[in-house]
Structure formats: C-alpha cells, structure tokens
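This report describes the fold, the surface and two surface patches of the chain shown here.

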Amino acid sequence: MAYDLLLAEPNTPTGPEFGKASPVGLVILILLLIGTVLLIRSMNRKIKRLPATFEPAHPEPDQAADDGTDPGATASRAE
C-alpha cells in the first residue's frame with residue numbers, strides 16, 4: 001500500500017493556465033507598492049519636522065524638578 005503511494009504520480013496542476021498570473025494581481029501589487037512609497041515619504045516629512053529634543057528651552061523653576069505635575073495636586077483623592 002505504501003509502495004503504491006510512493007510510485008503514484010504527484011497531483012501537480014499542469015496545463016495551459018498553470019503558472020499564469022492575472023493582470024488584476026499585477027495592478028493590485030503596483031497599487032500596494034505605490035501606497036507604501038507614499039506612506040514612507042509622508043512619514044519621513046513628518047519626522048524631519050520634529051524638534052531635535054522635546055526639552056523646554058528655558059524651563060521655569062518649578063518645571064525643572066517636576067515637569068508634568070500640577071502644583072498642589074495629590075497622588076490619590078479619596079471621596
């Protein structure tokens with residue numbers, strides 16, 4: 001039984017249509033590549049506009065130690 005399976009011809013598709021891609025597939029591939037290039041260019045422009053650092057140029061005295069906190073705020077409020 002196993003010997004017959006080994007000798008059997010593989011069921012590979014052959015014929016005039018085997019291996020031909022559709023032109024629709026080519027159009028979809030080209031559209032995806034164009035979209036990818038446009039997204040990369042857009043992101044590069046946005047990255048170039050970012051500042052070198054996000055540190056404030058002249059921090060006020062209270063911001064030097066605790067940037068991002070509200071003065072007088074408490075960590076937890078029980079009501």
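## Surface, helices and patches

The accessible surface of the chain comes to about 8,200 Å², and carbon and sulfur atoms account for 63% of that area, as obtained by the Shrake-Rupley method with a 1.4 Å probe, where for residues only the protein chains shown count as cover. The model is predicted, so that local features need pLDDT of at least 70 and side-chain atom pairs count only at pLDDT 80 or more, whereas totals for chains, interfaces and linings use all residues. Residues are numbered from 1 along each chain as its sequence is written, and side-chain values use heavy atoms, with hydrogens and water left out.

Of the 79 residues in the chain, buried residues make up 0%, where buried means under 20% relative accessible area, exposed over 50% and partly exposed in between, with a 1.4 Å probe and protein chains only. The chain holds three helices and zero strands, in the order α-α-α along the sequence; helices (H or I, at least four residues) and strands (E, at least two) are DSSP runs numbered from the N terminus.

An unreviewed UniProt entry places a "transmembrane region" at residues 20-40, although such annotations may be inferred rather than shown by experiment. This span is 86% helix and 0% strand, and its end C-alpha atoms lie 31 Å apart.

A nonpolar surface patch of about 760 Å² includes Leu26, Leu33 and Ile34, while Arg41 and Lys48 are among the residues that form a positive one. Patch residues have over 30% relative accessible area and no salt bridge, with like charges joined within 9 Å and nonpolar side chains within 5 Å.

| Residue | Element | Relative accessibility | Class |
|---|---|---|---|
| Ile34 | helix 2 (residues 23-49) | 44% | partly exposed |
| Lys48 | helix 2 | 72% | exposed |

Methods. Salt bridge = Lys/Arg side-chain N within 4 Å of Asp/Glu carboxyl O. Lys, Arg positive; Asp, Glu negative; His and termini not counted. Charge placed at Lys NZ, Arg CZ, Asp CG, Glu CD.
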